[in-house]
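Hi,

Here is the structure I promised to pass on. Have a look at it first, and my notes follow below.

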Amino acid sequence: MDCRTDCGACCIAPSISSPIPGMPDGKPANTRCVQLADNFMCKIFTSPLRPKVCASLQASREMCFTHRDQALTYLIKLEEDTAP
């Protein structure tokens, strides 16, 4: 499945502990990544600077649903369920 346009849920909901260009300490959960463009596309999607954890997260119907609000809800809940 390809990423849905106008979504960006996976660049907002999860926490990222590894450095991201512009966010050297990573990012907390439910925080917009600085690399998320206004069109909700990742600015460093094809860059080697993109964190491996980001590259490993693949779009799927089970995660993305049919609307970004559903995806955000799912990913925020997943983050809460897996937080230490």
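**A buried arginine**

Arg-50 is buried but makes no salt bridge, and the nearest side chain of opposite charge, Asp-2, is 11 Å away. For the terms: buried is under 20% relative accessible area, exposed is over 50%, and partly exposed is in between, with a 1.4 Å probe and protein chains only. A salt bridge needs a side-chain nitrogen of Lys or Arg within 4 Å of a carboxyl oxygen of Asp or Glu. On charges, Lys and Arg count as positive and Asp and Glu as negative, while His and the chain ends are not counted.

Before going on, the small print: this is a predicted model, where local features need pLDDT of at least 70 and side-chain atom pairs count only at pLDDT 80 or more, but totals for chains, interfaces and linings use all residues. Residues are numbered from 1 along each chain as its sequence is written, and side-chain values use heavy atoms, with hydrogens and water left out.

Back to Arg-50: you'll find it in the segment before helix H1 (52-56). Leaving aside residues up to four places away in sequence, Arg-50 touches Ile-44, Phe-45 and Ala-55 (contact is heavy atoms within 4.5 Å). Helices here are DSSP runs of H or I with at least four residues, numbered from the N terminus.

**The core and H3**

The largest nonpolar core (buried Ala, Val, Leu, Ile, Met, Phe, Trp, Tyr and Cys joined through side-chain atoms within 4.5 Å) has 17 residues. Ala-9, Ile-20, Cys-33, Leu-72 and Leu-75 have the most contacts inside it. Helices H2 (61-64) and H3 (68-82) are the elements giving two or more residues to this core, and H3 supplies the largest share, three residues. Ile-20 touches Gly-26, Lys-27, Cys-33, Gln-35, Ile-44 and Pro-51, again not counting residues up to four places away in sequence.

In H3, the buried residues are Arg-68, Ala-71, Leu-72, Leu-75 and Glu-79. Seen down the axis of H3, they fall within an arc of 100° (taken from the directions from the helix axis to the C-beta atoms), so they line one face of the helix. That buried set packs against H2, whereas Thr-73, Glu-80 and Asp-81 are exposed on the other side of H3.

**Two backbone oddities**

Most residues other than glycine have a negative phi. Asn-30, in the segment before H1, has a positive phi of about 60°. Phe-65, in the loop between H2 and H3, has a positive phi of about 55°.

Cheers
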